[in-house]
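Subject: Structure for your review

Hello,

Here is the structure I said I would pass on. Please open it alongside this message; my notes follow below.

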Amino acid sequence: MRLVRCNLEEHGSAILRILNDAILTSTALYDYAPRPLSSMTSWFEEKRAGAFPVWGALGDDDALLGFASYGVFRVRPAYKYTVEHSVYVDAAARGRGVGTRLMERLIQSAIEQEKHVLVGGVDAGNVASVKLHEALGFEAAGIIKQAGFKFGRWLDLAFYQLILPTPHAPADG
Ligand SMILES: CC(C)(COP(=O)(O)OP(=O)(O)OC[C@H]1O[C@@H](n2cnc3c(N)ncnc32)[C@H](O)[C@@H]1OP(=O)(O)O)[C@@H](O)C(=O)NCCC(=O)NCCS
């Protein structure tokens, strides 16, 4: 497996396929409907505008096994050192360390970009994601009970956070 920076042209449709599979089969995403391919254009544009990394894991045949990225946590400027991340692994490639590798690289990017807090919003019933975050040192930071409704039931959203040693000189403004 090797990690690469993702772009729309090479990886947009593979990222979308992984996202849409998670939308249709799980509560990892609080979407009901699969997204159109056109949504990937604005997705990558938001990443570019914020200089947010998109890391992909490629298998031996160069197929995308998974990806991880982060983006704006909340829009007010004083949240500037906090980002909210996401990580998705193709169903056929789970449980082999891909998610861990992607998250380790993403955390390194956050440190390089002088971020301070990584936040993950995890469906409380998502055992694999909870384990992944705990294994990486994330701490439980609270649960919004019944924050979502999907597949005919209420969903609790658990936040996990990792505090980084950066930035070296945090400043207002
Ligand atoms: C959550 C997800 C990204 C984990 O990626 P992965 O490549 O399968 O995870 P890894 O193989 O790196 O394993 C990470 C940890 O989770 C544990 N884990 C993975 N799958 C698990 C499962 N189904 N049940 C229990 N634990 C599991 C592993 O044991 C490992 O813990 P350890 O280091 O203490 O042994 C992946 O399952 C996925 O894409 N799920 C669907 C989308 C999703 O939920 N994304 C996260 C949204 S917040």
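**Ligand surroundings**

The ligand is surrounded by 20 residues, and the closest of them are V89, G97, G99, T100 and N126. Please bear in mind that this is a predicted model.

Three polar contacts between the ligand and the backbone may be of use to you. A polar backbone atom of V87 lies 2.8 Å from a nitrogen atom of the ligand. A polar backbone atom of V89 is 2.7 Å from an oxygen atom of the ligand. For G97, the distance from a polar backbone atom to an oxygen atom of the ligand is 2.7 Å. On its own the ligand has 920 Å² of accessible area, and the protein covers 71% of that.

Which elements give two or more residues to the shell around the ligand? They are β4 (82–89), α3 (98–112), β5 (117–123) and α4 (127–135). The largest share comes from α4, with six residues. Sorted by class, the shell consists of ten nonpolar, seven polar and three charged residues.

**The sheet**

The model has an open sheet of seven strands with mixed pairing, and the strand order is β1-β2-β3-β4-β5-β7-β6. Its edge strands, β1 (2–5) and β6 (139–150), each pair on one side only. On average, neighbouring strands of the sheet are turned by 25° against each other, with direction ignored. Two strands already mentioned for the ligand shell, β4 and β5, sit next to each other in the strand order.

On the helix side, α2 (residues 39–49) lies across β2 (54–58) and β3 (64–72). Helix α2 runs at about 55° to β3.

**The β6–β7 hairpin**

Strand β7 covers residues 153–163 and pairs with β6 in the antiparallel sense, over seven bridges. If you want to check the register, E139 has Q161 in β7 as its bridge partner, and G148 has L155 in β7. The two strands form a hairpin with two residues between them. In that turn, F151 has a positive phi of about 55°.

**Backbone points to check**

Two further places deserve a look before you set anything up.

- A51 is not a glycine, yet has a positive phi of about 55°. A51 is located in the loop between α2 and β2.
- The peptide bond from T166 to P167 is cis, and its omega is near 0°. P167 belongs to the segment after β7.

Where would you start with the ligand? My own suggestion is the backbone contacts at V87, V89 and G97, followed by the six shell residues from α4.

Regards

Notes:
Residues numbered from 1 in each chain as written. Predicted model: local features only at pLDDT ≥ 70, side-chain atom pairs only at ≥ 80, totals over all residues. Heavy atoms only, no water. Near = heavy atom within 4 Å. Polar contact = N/O pair within 3.5 Å; in protein donor to acceptor, adjacent residues only side chain to side chain. Areas by Shrake-Rupley, 256 points an atom, 1.4 Å probe, with all protein chains shown as cover. Helix = DSSP H or I, 4+ residues; strand = E, 2+ residues; numbered from the N terminus. Nonpolar A, V, L, I, M, F, W, Y, C, P; charged D, E, K, R; others polar. Pairing = 2+ DSSP bridges. Axes fitted to C-alpha atoms, helices over the stretch in contact; angles between N-to-C directions. Contact = heavy atoms within 4.5 Å.
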